[in-house]
Structure formats: C-alpha cells, structure tokens
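Please consider the structure shown below. The paragraphs that follow lead through its ligands and the space that holds them.

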Amino acid sequence: MKIGFIGCGNMASAMIGGILRQGIFSKDEIIVSNLTDEGRARSEKTLGVVTTLNNNEIVRSAKTVVLAVKPQFYEKVLTEVHDSLTTEHTIIGIAPGKTLAWLEEKAGLPLKVVRFMPNTPAQVGAGMTAVCTNDRVSEDELAEILKITDSFGCTEVVPERLMDAAGAVGGCSPAYVFMFIEAMADAAVSQGMPRKQAYKFASQTVLGSAKMVLETGRHPGDLKDMVCSPAGTTIEGVRTLEKSGFRSAVFEALTAAAEKGKKL
Ligand SMILES: NC(=O)C1=CN([C@@H]2O[C@H](COP(=O)(O)OP(=O)(O)OC[C@H]3O[C@@H](n4cnc5c(N)ncnc54)[C@H](O)[C@@H]3O)[C@@H](O)[C@H]2O)C=CC1
Ligand SMILES: O=C(O)[C@@H]1CCC=N1
C-alpha cells in the first residue's frame, strides 16, 4: 500500500478520484476505512479500492495516512491508531484548525506531518489545495506529496499561518460560489429561462470568468469594467450589488469561516 485514508466520505472520495485518474497510485495501492459496512461497501463499489473497518490496518498497511474524518473525530482516531504509528509514517491532516503541532502531539511521536486544505472541485480534477508541512518532511518527500495534490487540481505550498485563510478562500468557498450560481439561475428563471438552461448559463459564466482571471492575469476590477458599458445594463446590476453590500457580505463570510477555523 502507498497511501491510506482514514474515513472515506466527500473529500477523500474526491481526492482518490483524482489520484486514480492521474495514475499517481493504482487501486491496489490505496486502502480506505469507514465506520460502517455500508460505508465500506460504498467506497469499494464506487472507488474500487481496498477497504476496511479497521483504522489500525490502514496505518499498518500504508506509510502515508490521510485523516479524512471530521475534525471532532481526529483525537479519537489518533488515539486509536497511536500504537501502530512509527517515525517512518507521514500523517496528512485535512481538517481546519488541526495544526501541525497538534497533530504531532496527538500522534505522540516525532513523525512527518503534513496539512492539506483541499476543496470539492478536486472531484473533477479542478481542486485548489493548500499544503504545509512540519520540518521533518524533506524537499524530496514534499515533491512526492505534491504529486498527490496536483493530481486533483492546483496546489500552493503556504506557511501554516495562512491555512485558515486558505480554508476560507479555498476549502469553504465552493459552497459560496454554488450559492452565487443558484441565485444567478433563480434570477434567470424569474425572467422566464428554463432552470436547467439557467444553471448552464450561470455555471459556465462563473467558469469562464474565473478562467479570464487565471489566464489573462488582469485585475478582476479591470475585467469587471470591461463588461460595464456606459449607461448599459451591467452597471445597473453593479449599482444594486454595491447597494446590497455584496462585496462586504463576501468579505465577512470568508472572514467568519477563517476565524471559525482558528477555533476548531
Ligand atoms: N467537504 C469539503 O469540502 C472539505 C472537507 N475538508 C475536511 O475533510 C474532512 C472530511 O470531510 P468530509 O469528507 O466532507 O466528511 P464526510 O462526513 O463526507 O466523510 C467523513 C467520513 O469519515 C467516516 N468516519 C467518521 N469517523 C470515522 C472513524 N472513526 N473511522 C473511520 N471512518 C470514520 C464517516 O463515516 C464518513 O464517511 C473533514 O475534516 C473536513 O473538515 C477539508 C476541505 C474541504
Ligand atoms: O466546512 C468545513 O468545515 C469543511 C472544511 C472546508 C470545507 N468544508
């Protein structure tokens, strides 16, 4: 086994999909655990990887172990697998708030510790993942780890102090973009557009706009101004959004998410 996932829900499944699609590891090099036979069967059926209900089997089988359970279960899981861990292991935490120091302390021995902050677009190979490591991870080991995150999208190595910001602007923000897409489509539906078509317009417009930011390197404000014809239609929407505090609402939402991550 090359990598094990303790917990195999939304995020682990998305990452494994990318890993398998890019051939970073084969199905028989990945082992996952879940809480129930139903969850184990689901992982086996949908991902075709080795599955188990035994978290210690994950740690005994793979030297790289991803903790893909909710943050509130991290301490229980690390206590459960404590005696199976060795200094040869690399543990990868993906939960907000569970710091490198906390992970090493709960693991109870000096081992390689990594944090990912991924997001669900990993499921379609378009994820954005922040990575940081403790100082036991060598440059060569980091290069191997980055092959994992690169398999499901883009990766940025950041200092740990930025992981809560990354959690907000990366991990959480797909939810806010989905809300934006939903609201755009509702407005189109209110103008008479069929809903399915409205979702296509809204989703493709968000995708295309994001591509313009990423591929032109132009400032988003500059790109916004390109759309706003004088006395035209777009600027009426800009006026309404500014009046409704749109940018402040987004700013406050991501700040709330980042601040919550600091408290977990
Ligand atoms: N969903 C997202 O967009 C993102 C999630 N994350 C983090 O990823 C982690 C997992 O999140 P999700 O995949 O969304 O949650 P999830 O609830 O979809 O998956 C967690 C899985 O772990 C299993 N599980 C729970 N306790 C277990 C145990 N003791 N042993 C083995 N399996 C156990 C559950 O049955 C479930 O299948 C969380 O820490 C979350 O904060 C990070 C970035 C983005
Ligand atoms: O909502 C959460 O706590 C997880 C972490 C980032 C996205 N989902």
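The space that ligand 2 occupies is the second largest pocket. The model is a predicted one, and the account below keeps to this pocket and its two occupants. Around ligand 2 stand Pro96, Gly171 and Cys172. On its own, ligand 2 has 240 Å² of accessible area, and the protein covers 46% of it.

The second largest pocket is also the space taken by ligand 1. The volume of this pocket is about 1,000 Å³. Its lining comprises 38 residues, and those nearest the pocket centre are Met11, Ala68, Val69, Lys70 and Pro71. By class, the lining consists of 21 nonpolar, 11 polar and 6 charged residues.

Several helices contribute to this lining. Helix 1, helix 4, helix 7 (163–190) and helix 11 (246–263) each provide at least two of the lining residues. Helix 7 accounts for the largest share, with 5 residues.

The surroundings of ligand 1 can now be examined in turn. Its shell is made up of 22 residues, the closest being Asn10, Met11, Asn34, Val69 and Lys70. Divided by class, this shell holds 13 nonpolar, 7 polar and 2 charged residues. Helix 1 (10–21) and helix 4 (74–81) each give at least two residues to the shell around ligand 1; both helices likewise supply at least two residues each to the lining of the second largest pocket.

Which atoms lie opposite the oxygen atoms of ligand 1 at asparagine 10, asparagine 34 and valine 69? At asparagine 10, a polar backbone atom is 2.9 Å from an oxygen atom of ligand 1. At asparagine 34, by contrast, the partner belongs to the side chain: an N or O atom there is 2.9 Å from an oxygen atom of the ligand. Valine 69 again takes part through its backbone, with an N or O atom 2.7 Å from an oxygen atom of ligand 1. Ligand 1 taken alone exposes 830 Å², of which the protein buries 83%.

Met11, Val69 and Lys70 thus appear in two settings. They are among the residues closest to ligand 1, and they are also among the lining residues nearest the centre of the second largest pocket.

Terms used
Residues are numbered from 1 along each chain as its sequence is written. Chains are lettered from A and ligands numbered from 1 in the order in which they are written. This is a predicted model: local features need pLDDT of at least 70, side-chain atom pairs count only at pLDDT 80 or more; totals for chains, interfaces and linings use all residues. Side-chain values use heavy atoms; hydrogens and water are left out. A residue is near a molecule or strand if one of its heavy atoms lies within 4 Å of it. A polar contact is a pair of N or O atoms within 3.5 Å; within protein, one must be able to donate a hydrogen and the other to accept it, and residues adjacent in sequence count only if both atoms are side-chain atoms. Accessible areas come from the Shrake-Rupley method with a 1.4 Å probe; for residues, only the protein chains shown count as cover. On a 1 Å grid over the protein atoms alone, a cavity is a set of points where a 1.4 Å probe fits but cannot get out, and a pocket is an open set with protein on both sides within 12 Å along at least five of seven lines; lining residues have an atom within 4 Å of a point. A molecule sits in a cavity or pocket if more than half of its atoms lie within 2 Å of its grid points. Helices (H or I, at least four residues) and strands (E, at least two) are DSSP runs, numbered from the N terminus. Ala, Val, Leu, Ile, Met, Phe, Trp, Tyr, Cys and Pro count as nonpolar, Asp, Glu, Lys and Arg as charged, and the others, Gly among them, as polar. Grid points are joined across faces, edges and corners, and a volume is the space filled by probe spheres set on the points.
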